[in-house]
Amino acid sequence: STQSTWEIPEHSLENLNEFSHIWIIFCFHRNGSQHVRPKVRPPRLDGIRVGVFSTRSPHRPCPIGLSLAKLESVDGNVVYVSGIDLIDGTPILDIKPYITQYDSPATCAPNDLTNDSNSPTSTSNLTTASQWISSPPISTISVSWTPRSIDQLTAICNDMNELTNLRAGITNILSEDPRSIYRRNQLNDKLYYFMFSGIHVTCWFDIHSSPGITTAEILAIRRADSSKKDPNVDEIQQDQT
């Protein structure tokens, strides 16, 4: 079969640059799922199963993802964004402007969403999340960089802003221990590879003698080859909590 894409007409993007951020709706096209389970085990829950719809797992009945991105510019029928968490080649299904007054519950007035004069005049707009989001059962990991890996990252970045953002992003991912439960608890191999924002990262997890103390050291950084998919390399796509 042949794969086709819709050529976006320029006029469909008119006025989009009046917004600072956009929602990107996309397809998890490389999650490798043959079937979907109703309950999943997010890495941060260390083996505890929860309902798939209470997570952002890419392994879903309908593999659609949602990402908030900063809109940098619109040039013709091309949209430039930053801060996305998609892998190269991800199919984009739709984009929508982020509107603070509608998309952030904390900014909504109590009666913004209804014209019913009999509705309560005071409702809570505070948002809540499951306790494991802020207090997961696994500890945050200490992350370090070798001088070689810092030099390699510096060499492939265009400017200091890109260097700072990539280094912070890679460090944050590893500090949450993105390894699967099987890889974390069953495999003896301490080496771990993953791709993030077009970067191939090689690191080493070390479990210390003190119970529950784990560190990650970044050993090597290089540009990823988007034309090849290594089954041993995790692709960090969307928040896999």
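## Strands, a helix and side-chain pairs

Strand 4 and strand 5 (residues 78-82) run antiparallel and are joined by 5 bridges. The model is a predicted one. Across this pairing, serine 73 stands opposite tyrosine 80 of strand 5. Strands 4 and 5 form a hairpin, with 2 residues between them. In the turn sits glycine 76, whose phi is positive at about 65 degrees.

Strand 4 (residues 64-75) also pairs with strand 1 (residues 21-27). That pairing is antiparallel too, and it has 7 bridges. Here histidine 21 has lysine 70 of strand 4 as its bridge partner.

**Helix 4**

Does the length of helix 4 fit or miss what its residue count predicts? Helix 4 covers residues 160-175, which is 16 residues. At 1.5 Å a residue it should span 22 Å. The C-alpha atoms at its ends are 22 Å apart, so the two values agree.

Both ends of the helix have something to show. At the N-terminal end, aspartate 159 acts as a cap. One of its side-chain oxygens lies 3.2 Å from the backbone nitrogen of asparagine 161. After the helix comes aspartate 177, with a positive phi near 55 degrees.

Which residues of helix 4 are buried? They are Leu163, Leu166, Gly169, Ile170, Ile173, Leu174 and Ser175. These buried residues pack against helix 3 (147-156) and against four strands: strand 7 (142-145), strand 8 (191-196), strand 9 (199-207) and strand 10 (214-223).

**Salt bridges**

Side chains of opposite charge can pair when their charged atoms come close. The count for this model is 8 salt bridges. Three of them are listed here, including the closest N to O distance for each.

| Salt bridge | N to O distance |
|---|---|
| Aspartate 46 and arginine 184 | 3.0 Å |
| Arginine 223 and glutamate 162 | 3.6 Å |
| Aspartate 177 and arginine 179 | 2.8 Å |

Take the bridge between aspartate 46 and arginine 184. The pair links distant parts of the chain, 138 residues apart. Aspartate 46 is in the loop between strand 2 (39-40) and strand 3 (50-51), while arginine 184 is in helix 5 (residues 181-185). Is arginine 184 buried or exposed? Arginine 184 is buried, because its relative accessible area is 11% and buried means under 20%. Aspartate 46 has 34% relative accessibility, so it counts as partly exposed.

Next, arginine 223 forms a salt bridge with glutamate 162. Arginine 223 lies in strand 10 and glutamate 162 in helix 4, so this pair ties together parts that are 61 residues apart in sequence. Both count as partly exposed: arginine 223 at 39% relative accessibility, glutamate 162 at 21%.

Aspartate 177 and arginine 179 are both buried. Aspartate 177 is also the residue with the positive phi after helix 4. A network of salt bridges links Asp46, Asp177, Arg179 and Arg184.

**Aromatic pairs**

A pair of aromatic rings is described by the distance of the centres and the angle of the planes. The whole structure has 4 aromatic pairs. One of them joins tyrosine 192 and phenylalanine 194. This pair is tilted, with 5.9 Å from centre to centre and 35 degrees between the planes. Tyrosine 192 and phenylalanine 205 make another, edge-to-face, at 5.8 Å and 75 degrees. Tyrosine 192 lies in strand 8 and phenylalanine 205 in strand 9, so the pair ties together parts 13 residues apart in sequence. Tyrosine 192 and phenylalanine 194 are buried, and phenylalanine 205 is buried as well. Ring pairs link Tyr192, Phe194 and Phe205 into a cluster.

Note on methods
Residues are numbered from 1 along each chain as its sequence is written. This is a predicted model: local features need pLDDT of at least 70, side-chain atom pairs count only at pLDDT 80 or more; totals for chains, interfaces and linings use all residues. Side-chain values use heavy atoms; hydrogens and water are left out. Two strands pair if DSSP finds at least two bridges between them. The expected span of a helix is 1.5 Å times one less than its number of residues. Buried means under 20% relative accessible area, exposed over 50%, partly exposed in between (1.4 Å probe, protein chains only). Contact means heavy atoms within 4.5 Å. A polar contact is a pair of N or O atoms within 3.5 Å; within protein, one must be able to donate a hydrogen and the other to accept it, and residues adjacent in sequence count only if both atoms are side-chain atoms. A salt bridge is a side-chain nitrogen of Lys or Arg within 4 Å of a carboxyl oxygen of Asp or Glu. Rings of Phe, Tyr and Trp (its six-membered ring) pair if their centres lie within 6.5 Å; planes under 30 degrees apart count as stacked, over 60 as edge-to-face and the rest as tilted.
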